[in-house]
Amino acid sequence: MTETPEYDSTDVTPETTPDTVPEAAEISYDEERYPARPKRLRPSAHLRTSGITRSKLDPREPDGSNPAYVAWLVRQSMLGDADVLSRQHSGQPSMWRNPYARPDARRAIQSASVWFTAYPISLITRPGQSYLGALGDEDLWRAFERIGIDAVHTGPVKRAGGLTGWRQTASVDGHFDRISTQIDPAFGTEDEFRSLCDVADQYSGSVIDDIVPGHTGKGADFRLAEMAYKDFPGIYHMIEIPEADWPLLPDVPEGRDAVNLDATAEQSLADQGYIIGALQRVIFYAPGVKETNWSATAPVLGVDGRTRRWVYLHYFKQGQPSINWLDPTFAGMRLVIGDALHSLGDLGSSALRLDANGFLGVEKSAEGMPAWSEGHPLSEAANHLIASMVRKVGGFTFQELNLTVEDIRNTGRVGADLSYDFINRPAYQHALAMGDTEFLRLTLRTSLETDVQPVQLVHALQNHDELTYELVHWATLHCADEYTFRDQQMAGGDLAETIRADMIERLTGENAPYNRVFTTNGIACTTASVIAAAQGFNELDKIREDDVDMIARAHLLLARFNAWQPGVFALSAWDLVGALPLPSEQVSELIAEGDTRWIERAAHDLMGFDEEAVASASGMPRGRSLYGTLPEQLQRPDSFASQLKELLAIRDANDIAIGTQVDVPDVSHPGMLVMVHRLDGGKADWEDAPLQVTVLNFTDQPIEGSVRSSELIPRRAVIDAASGLEIGRVDDLQTFGVRLEPYAGLFLLMGPDEEALDNDEDASDDELA
C-alpha cells in the first residue's frame with residue numbers, strides 16, 4: 001500500500017493557527033472605518049495567497065501513488081481551507097450578535113437597493129488594470145453615486161475550471177465551476193477585493209460576492225475524491241462501481257477524464273441499484289454531449305493503490321460535479337460554508353448570491369418515476385443552513401431559484417433573504433415583444449396569490465445568463481391547472497408552450513437572427529437586442545443613430561417596471577451602455593457545443609477607460625454599444641443613464657423598494673400595466689399608509705386609458721411624482737384617467753384625504769379662536 005501524508009489543514013496556513021491569533025489592541029483604523037460592521041466582516045486575510053503552481057519539479061506521476069502530488073492537492077483544496085476558516089470563527093462571541101433564523105428582505109434592501117451586476121471577463125479596464133481594480137475605481141463609484149446605484153455584484157472571481165495533473169484547465173461555465181477560495185489572478189488579488197469593499201463603503205455602497213452550493217469544478221477536491229482520499233468522496237454524489245460491473249460503463253475516449261452516460265447506461269446502473277437513475281429534467285440537454293445528469297470517470301489510481309471508476313451526478317455540465325448535502329461526513333456542507341466565510345470574513349463582502357441552490361437534494365422515487373430532484377425538502381434545509389450562517393455573521397443572501405413560485409416562497413421563508421425574479425422576468429419581455437401585458441399581469445397576480453411579495457425579489461434587467469423562458473411554475477407543478485388566457489381556458493403546460501412560442505417567433509429566427517435560442521432554457525440576447533427585435537429590426541446593422549432614442553425609451557420602460565415596485569432593482573453594464581450581441585462568428589469556438597450565451601457577453605468599456613481596446617483583458621471581443629460611456633451619458637440630460645438617474649431618484653424619495661404590492665388590476669388597454677402599492681415600509685398595521693400607482697405603456701404608440709382599483713380612495717388627488725403636478729382625481733367608481741406616450745411610465749401618488757384636511761383646518765381655526 002502506498003504511504004500517503006496525513007491530512008492536516010493547518011499545513012495550509014500555519015501562520016493562522018489559534019495559538020497565533022493576536023491579542024486585542026487599541027482601536028485601529030479598521031475599527032474606525034467600520035464602526036457598525038461586525039468584526040468578522042472587516043477584511044482580514046486568513047488563508048495562504050500562493051497560486052496554483054508546483055513548488056518544485058517532481059518526476060513522479062501526478063496521481064495517487066505520488067505523496068507530494070496528493071499533499072499539493074490538499075493545499076489547493078477548498079475543504080482544507082474551510083477547516084482553517086471554521087476554526088477562526090468557532091468559539092468567538094461575535095458569532096452570537098446577529099439574529100439569523102428568519103430572512104429579512106427589507107433589512108437587506110435598506111442596505112443595498114439598486115445593484116450593478118458585473119461580469120468579470122467582459123469589463124474593459126484601464127491598460128494594466130485588473131477587473132477588481134476597475135470595480136474599485138473611485139471614478140466609477142462617483143458615477144454610481146450620481147445614478148443611484150448602491151451595490152456591486154462582482155460575479156464569480158475565484159479560481160474555477162479544473163486540474164489535470166499539475167495543470168489548471170479553463171472554466172467550462174463562466175467561472176461558476178469554482179475550484180478554490182483564491183481570487184483568480186486574471187481578475188485581480190484579494191487585496192484589490194478588500195480595497196473595492198473600502199471604496200464601496202466610502203460611497204455608502206455594498207459588495208456582493210457569490211458562492212455555489214450546488215457544485216464545484218473538477219479541481220483539487222474532486223481529484224482527491226476520485227483518489228478516495230479521506231473525506232473528499234463525501235463532498236460529491238459519486239458512487240464507486242465495482243470492477244466486475246465496469247462493462248456497464250461507457251469507455252472514456254483518450255484525452256478525456258469522464259464520459260456522459262446515455263439513457264440506457266443510466267437505466268442499467270439504476271436497475272443494479274448503483275444510482276437513483278433519471279432526474280426530473282436534464283438541464284443543458286444536448287444530444288451526444290449531455291443526455292443524462294450522470295457521467296462515468298476513467299480508471300483512477302487511489303491513494304491506497306486501488307484503481308477505481310466512479311459515476312457522479314452533475315445537474316449542469318460534466319465539469320460541475322454536484323455537491324452531496326447529506327453525506328455522513330458533511331464534507332460538502334463544510335466546503336460551502338467555508339467558502340462563504342472566506343468571502344464575508346476574509347474579503348469583506350456584505351452579501352452572497354447563492355447560485356444553483358435549488359438542486360441540493362435528490363431522492364429515489366417510486367418505481368418508474370424520475371428521482372425527486374427539484375423542490376426537495378433537503379434543498380430547503382440546506383438553504384436555511386447557508387442563509388442562517390451568513391446572517392449570523394452579519395450578511396445577507398439572495399438566490400437564483402428558477403423553480404415554482406411555491407418553491408421560491410417556501411425556500412424564502414427560512415432561507416435566502418431575497419430571490420431572483422424568475423417569475424416576472426420572461427413575462428415583461430413577452431409584454432414588450434407582444435405589446436400586450438396579459439401574461440405579465442397573470443404572473444404578477446400568481447406571485448401575490450402564492451404569497452410572494454415583490455419586496456422579496458430581485459427585479460433585474462440583463463445579466464450574464466440567457467433570457468430564461470422555461471416558465472417552470474406553469475410547465476411542471478401547474479401543468480394541468482386551468483388558466484384564462486386570450487379569452488380561452490388553457491392548461492398551464494399549454495400556456496407555457498404558447499409563451500415560449502411567442503418569444504421564439506418574435507425574438508429569434510428570421511425576425512431577429514442575432515438572438516439565439518439557448519438549449520431548452522431560453523434565449524441568448526441583450527436587453528437592447530430584445531427591444532430591437534420587438535421594434536422590428538431583423539438586422540442589428542440597420543439600427544441608426546436616429547433609432548437609438550426609441551430603443552432607449554423602451555429600455556427605460558423596462559427599468560421603470562423593475563424599479564417602480566418593491567424589491568431590489570438590478571442592472572448590468574450591458575444595460576448601462578446599451579450593448580448589442582456579438583456576431584456568432586466572433587465567438588464561434590465558445591458556442592461550438594451549444595452554449596450560445598457567449599454572444600450576449602460582449603466586452604464593454606463602461607467608463608471610457610480604454611477607447612482603443614478591441615477586447616477585454618480576458619479576450620472577450622468588444623461589442624457595439626448604443627448609449628456611450630457613463631461619463632459621456634452623465635453630461636447629457638437626455639441620455640439613458642441621466643434618465644435612469646431621474647427614475648431612480650423617484651424610487652428612492654418614496655421608499656417604494658420596501659413597500660407592499662396590493663393590487664394588479666385589469667386595464668383598459670392591453671398594452672398598459674398598473675401596479676398599486678402601499679408605501680408602508682412593511683408595516684401592515686399602518687392603516688392610512690400612502691398609496692402609489694405605477695402605470696406603464698408597453699407599446700410604441702401613445703395610449704389613453706383609465707386606472708381602476710378597489711384599493712383607490714374616491715376624491716383623492718392623483719399626483720405625478722416626477723412633476724409634482726396633480727393630473728386628476730379618483731372618482732366615485734375608484735377610477736382616474738391617464739395618457740401615456742410610447743414606452744412611457746407614470747409614478748403616481750395618491751394625495752391626502754381632502755375631507756380630513758378640511759377637518760384639520762377647522763380644528764386649527766377653532767384653536768386659534
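A disulfide is counted here as a pair of cysteine sulfur atoms within 2.5 Å. By that criterion, the structure, which is a predicted model, holds zero disulfides. Two of its cysteines illustrate contrasting surroundings. Cys197 is buried, because its relative accessibility is 2%, below the 20% limit that defines the buried class. Cys479, by contrast, counts as partly exposed, because its relative accessibility reaches 36%.

Aromatic side chains offer a good next stop. The structure holds 23 aromatic pairs. One aromatic cluster is formed by Phe284, Tyr315, Phe316, Phe359 and Phe518. Tryptophan rings also take part in arrangements with charged side chains. Lys392 sits over the face of Trp96, at 3.7 Å from the ring centre. A related arrangement is found at Trp598, where Arg601 lies over the ring face at 4.5 Å from its centre.

Attention now turns to charged pairs. Across the whole structure, a search finds 42 salt bridges. One of them joins Arg597 to Glu466, with the closest N and O atoms 4.0 Å apart. Arg597 belongs to the loop between helix 19 (573–577) and helix 20 (630–634), while Glu466 belongs to the loop between strand 16 (457–460) and strand 17 (467–468), so this salt bridge ties together parts that are 131 residues apart in sequence. How accessible are the two partners, buried or exposed? Arg597 is buried, with a relative accessible area of 3%, and Glu466 is likewise buried, at 5% relative accessibility.

A second salt bridge brings together the side chains of Arg622 and Asp605, at 3.7 Å from N to O. Both residues are placed in the loop between helix 19 and helix 20, 17 residues apart. Here the partners fall into two accessibility classes: Arg622 counts as partly exposed at 28% relative accessibility, whereas Asp605 counts as buried at 5%.

A third example is the salt bridge in which the side chains of Glu726 and Arg729 meet, at 3.4 Å from N to O. Glu726 is partly exposed, with a relative accessible area of 46%, and Arg729 is also partly exposed, at 38% relative accessibility. Elsewhere, salt bridges that share partners join Asp173, Lys317, Asp465, Glu466, Asp595 and Arg597 into one network. The pair formed by Arg597 and Glu466, described above, thus reappears among the members of this network.

The last residue considered is Asp139. Asp139 is found in helix 6, which spans residues 138–147. With a relative accessible area of 34%, Asp139 is partly exposed, because that value falls between the 20% limit for buried residues and the 50% limit for exposed ones. Which residues does Asp139 contact once its neighbours within four places in sequence are left aside? The contacts are with Arg126 and Met607. With Arg126 the link also includes a polar contact, which joins the two side chains at 3.2 Å. Asp546 provides a further point of reference: Asp139 and Asp546 are 407 residues apart in sequence, and their C-alpha atoms are 30 Å apart in space.

Technical notes:
Residues numbered from 1 in each chain as written. Predicted model: local features only at pLDDT ≥ 70, side-chain atom pairs only at ≥ 80, totals over all residues. Heavy atoms only, no water. Buried < 20%, exposed > 50% of the residue type's maximum accessible area, 1.4 Å probe, protein only. Phe/Tyr/Trp six-rings, centres within 6.5 Å; stacked < 30°, edge-to-face > 60°. Lys NZ or Arg CZ within 6 Å of the ring centre and 35° of its normal. Helix = DSSP H or I, 4+ residues; strand = E, 2+ residues; numbered from the N terminus. Contact = heavy atoms within 4.5 Å. Polar contact = N/O pair within 3.5 Å; in protein donor to acceptor, adjacent residues only side chain to side chain.
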